[in-house]
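This briefing sets out the strand arrangement, the helix crossovers, the nonpolar core and a few individual residues. Please read it alongside the sequence and the coordinates.

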Amino acid sequence: MAQIRAANPDAVFQFHPGGLGIAFIRQYQQAGLLGKIPMVLASPSMDAVILKAVGEAAMGVNVSS
């Protein structure tokens with residue numbers, strides 16, 4: 001998260017289906033990056049199971065198919 005914050009990109013694209021994706025989304029939100037640097041996910045990284053697991057942390061995440 002520190003490297004992302006330091007790089008200050010226009011957006012972050014991540015593809016981590018399953019547990020790694022859940023952890024990354026939660027950490028990204030907890031680091032305060034979600035409101036500052038948009039996150040874009042591939043649709044397998046935000047299925048119904050992951051959405052239920054991350055809850056409010058999914059607000060503002062952009063999903064692409």
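In this predicted model, β2, α3 and β3 form a β-α-β unit of right-handed sense. A second right-handed unit of this kind is built from β1, α2 and β2. The three strands are arranged as an open sheet in the order β1-β2-β3, with parallel pairing.

**Sheet**

- The edges of the sheet are occupied by β1 (12-14) and β3 (62-64); each has a single partner strand, so one side of each has no neighbour in the sheet.
- On average, neighbouring strands of the sheet are turned by 25 degrees against each other, with direction ignored.
- Three bridges join β1 to strand β2 (residues 39-42) in the parallel sense.
- Within this part of the sheet, Phe13 has Val40 of β2 as its bridge partner.
- The pairing of β2 with β3 is likewise parallel, and it also runs over three bridges.
- Here Ala42 is found opposite Ser64, a residue of β3.

**Helix α2 and its aromatic pair**

- Helix α2 (residues 19-30) lies across both β1 and β2, and its direction makes an angle of about 160 degrees with β1.
- The structure contains one aromatic pair.
- In this pair, the ring centres of Phe24 and Tyr28 are 5.9 Å apart and the ring planes stand at 25 degrees; planes under 30 degrees apart count as stacked, so the pair falls in that class.
- Phe24 and Tyr28 are four residues apart in helix α2, and are therefore separated by about one helical turn.
- Phe24 and Tyr28 are both buried.

**Nonpolar core**

- The largest nonpolar core comprises 17 residues.
- The residues with the most contacts inside this core are Ile4, Ile25, Tyr28, Met39, Met46 and Val54.
- At least two residues of the core come from each of α2, β2 and α3.
- The greatest contribution is that of α2, which supplies four residues.
- Tyr28 thus appears in two settings: it belongs to the stacked pair with Phe24, and it is listed among the core residues with the most contacts.
- Val54, another of the core residues with the most contacts, touches Ile22, Ile25, Arg26 and Met46 when neighbours within four places in sequence are set aside.

**Two loop residues: Ser45 and Met59**

- Ser45 is located in the loop that connects β2 with α3 (48-54).
- Is Ser45 buried or exposed? Its relative accessible area is 0%, and buried means under 20%, so Ser45 is buried.
- Beyond residues up to four places away in sequence, the contacts of Ser45 are Gln14, Phe15, His16, Pro17, Ile25 and Ile50.
- Ile25 is therefore a shared point of reference, being a contact of Ser45 and of Val54, as well as one of the core residues with the most contacts.
- Met59 lies in the loop between α3 and β3.
- The relative accessibility of Met59 is 59%; exposed means over 50%, so Met59 counts as exposed.
- Between Met59 and Lys36 there is a sequence separation of 23 residues, while their C-alpha atoms are 13 Å apart in space.

Key
Residues numbered from 1 in each chain as written. Predicted model: local features only at pLDDT ≥ 70, side-chain atom pairs only at ≥ 80, totals over all residues. Heavy atoms only, no water. Pairing = 2+ DSSP bridges. Axes fitted to C-alpha atoms, helices over the stretch in contact; angles between N-to-C directions. Contact = heavy atoms within 4.5 Å. Buried < 20%, exposed > 50% of the residue type's maximum accessible area, 1.4 Å probe, protein only. Phe/Tyr/Trp six-rings, centres within 6.5 Å; stacked < 30°, edge-to-face > 60°. Right-handed = clockwise from strand over helix to strand, strands pointing away. Core = buried A, V, L, I, M, F, W, Y, C linked by side-chain atoms within 4.5 Å.
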